[in-house]
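Q: I've got a new model open and I'd like to learn how to read it. Can we go through it feature by feature?

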Amino acid sequence: MSYILDQEQLDGLEEALTTDLMTLGIQSVILIDMAGNVIVNLDDGKVRHDVYSLAALAAGNFGAVSAMASIIGEEEFSLLFHKGKSENINFTKIMDDFLLVSIFGNDVSLGYLRLKIDEVINKIKVLIDRTGSS
Amino acid sequence: MAFINTKTKEVQVKLVFVGPGRGGKTTNLEYIFSRIRHRIESDMVSIKTQGDRTLFFDFLPFELGAIKGYNVKTQLYTVPGQIKYNATRKLVLKGVDGIVFVADSMVDRRENNISALNNLKENLKFYDIDIADIPIVFQYNKRDMAMEGIPILDVETMEKDLNAQLKAPSFTASALKGDNVVPTVKKAISITIVAIREKLL
Ligand SMILES: Nc1nc2c(ncn2[C@@H]2O[C@H](COP(=O)(O)OP(=O)(O)OP(=O)(O)O)[C@@H](O)[C@H]2O)c(=O)[nH]1
Ligand SMILES: [Mg+2]
């Protein structure tokens with residue numbers, strides 16, 4: 001099984017994530033699929049994370065949290081957020097197969113970020129929906 | 001679920017090492033890591049118990065040149081082999097593109113190999129995958145133990161137990177010594193790529 005994203009889709013994704021999220025001053029944003037593949041990886045140029053390891057762990061973590069939810073009879077937990085001393089990480093599921101990972105400092109308001117994430121998710125859905133997969 | 005990126009000309013595939021507990025899955029990845037660590041930036045990620053058993057997975061990115069102009073990036077994972085960790089084992093198989101089944105050649109592990117393979121079939125079924133449809137390579141590991149006088153299964157027996165129907169490629173190996181580890185993984189990647197290559201324009 002595989003899926004393809006073409007240049008136009010990837011450009012669109014990058015542009016949407018840049019204008020809606022990166023301009024808020026967040027550190028990085030990574031769009032991955034639930035298998036742990038990295039689709040888009042953007043950062044502010046100041047950091048260099050090990051993005052592939054991060055993606056593998058984020059996909060695994062998300063899967064584990066979803067499995068816990070189902071064991072206790074919840075469909076899913078809506079808040080997937082880890083708070084650090086200076087950096088924070090937020091996970092947002094997009095459709096069933098994708099995950100948006102946002103890493104940001106304390107200067108960014110979580111509420112406002114969430115609002116912008118909701119906006120960008122709609123754009124991402126439209127872009128990804130055109131995907132040919134098999 | 002392989003991801004084909006036409007912009008960066010990159011294919012990402014997920015290869016998962018499966019097999020009975022203590023069979024040598026993590027040792028395979030550790031050997032590969034020792035061979036490539038000088039040229040990759042990332043570390044091997046291991047989520048394990050204090051006793052060094054895999055709890056969730058090991059992860060190692062592995063690049064293997066280009067095919068049809070696409071750079072092939074393989075993400076290598078291991079699952080936990082212990083029976084009790086089926087919940088996390090199942091999670092790691094999500095989106096799997098190819099499998100290396102690491103079987104333990106020690107005589108008293110024969111049943112463990114068979115039940116691990118049955119468990120794999122069940123877990124794949126959960127994702128609507130028939131084991132006959134997914135690229136898979138068998139590795140008969142720990143062949144070095146024969147040298148220490150420890151009884152090991154002969155290859156014909158292991159083939160009959162595990163690979164009689166699938167007739168997949170198989171290798172004898174010693175993950176500890178590094179024998180046939182790289183050929184196993186290269187074979188697994190190449191048959192995985194063949195399965196998706198029509199999509200590479
Ligand atoms: N002699 C010998 N020992 C091996 C070989 N491969 C692995 N071992 C040993 O077998 C033990 C278990 O190896 P692991 O790689 O941790 O096994 P695993 O399959 O990852 O086990 P789980 O994480 O519990 O599923 C370790 O003590 C290894 O050193 C081999 O080729 N030869
Ligand atoms: Mg292990």
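Q: Let's start in chain A. Where is His49(A) found?
A: Keep in mind that this is a predicted model. His49(A) sits in a loop of chain A, with strand 3 (38–43) on one side and helix 2 (51–71) on the other.

Q: Is His49(A) buried, exposed or partly exposed?
A: Go by relative accessibility: anything between 20% and 50% counts as partly exposed. His49(A) comes out at 37%, so it is put in that class. In space, His49(A) and Ser28(A) are 9.1 Å apart, C-alpha to C-alpha, with their positions 21 residues apart in sequence.

Q: How do I read phi angles, and which sign does Met95(A) have?
A: Here's the general idea: most residues other than glycine have a negative phi. Met95(A) is not a glycine, yet its phi is positive, about 50°. Look for Met95(A) in the loop between strand 5 (87–94) and strand 6 (98–105) of chain A. Its relative accessibility is 26%, so Met95(A) is partly exposed.

Q: What about Asp128(B): what is its phi?
A: Positive again, about 60°, and Asp128(B) isn't a glycine either. Asp128(B) belongs to the loop between helix 3 (110–126) and strand 7 (136–141) of chain B. With a relative accessible area of 73%, Asp128(B) is exposed.

Q: Now the metal. Which protein donors does the magnesium ion (ligand 2) have?
A: Start with the atoms that reach the ion, and bear in mind that water is not included, so a site may look incomplete. Here the protein donors are the OG1 atoms of Thr26(B) and Thr54(B), lying 2.0 Å from the magnesium ion. Thr26(B) is in helix 1 (residues 25–36) and Thr54(B) in strand 4 (residues 54–67) of chain B, so the pair ties together parts 28 residues apart in sequence. Both threonines are buried.

Q: And how many residues surround ligand 1?
A: 19, and the closest are Lys25(B), Thr27(B), Arg53(B), Gly81(B) and Asp144(B). By class, the shell has five nonpolar, nine polar and five charged residues. Helix 1 of chain B gives the largest share, three residues.

Q: Which polar atoms should I look at around ligand 1?
A: Try a polar backbone atom of Gly24(B), 2.9 Å from an oxygen atom of ligand 1. There's also a polar side-chain atom of Ser174(B), 3.3 Å from a ligand 1 oxygen. As for cover, the protein takes up 83% of the 650 Å² of accessible area that ligand 1 has on its own.

Q: What confidence does the predictor give?
A: For the complex, an ipTM of 0.85 and a pTM of 0.93. Chain B has a mean pLDDT of 95, with 100% of its residues at 70 or more.

Technical notes:
Residues numbered from 1 in each chain as written. Chains lettered and ligands numbered in written order. Predicted model: local features only at pLDDT ≥ 70, side-chain atom pairs only at ≥ 80, totals over all residues. Heavy atoms only, no water. Donors = N, O, S within 2.8 Å, 3.2 Å for Na, K, Ca; no water. Helix = DSSP H or I, 4+ residues; strand = E, 2+ residues; numbered from the N terminus. Buried < 20%, exposed > 50% of the residue type's maximum accessible area, 1.4 Å probe, protein only. Near = heavy atom within 4 Å. Polar contact = N/O pair within 3.5 Å; in protein donor to acceptor, adjacent residues only side chain to side chain. Areas by Shrake-Rupley, 256 points an atom, 1.4 Å probe, with all protein chains shown as cover. Nonpolar A, V, L, I, M, F, W, Y, C, P; charged D, E, K, R; others polar. pLDDT = per-residue confidence, 0-100.
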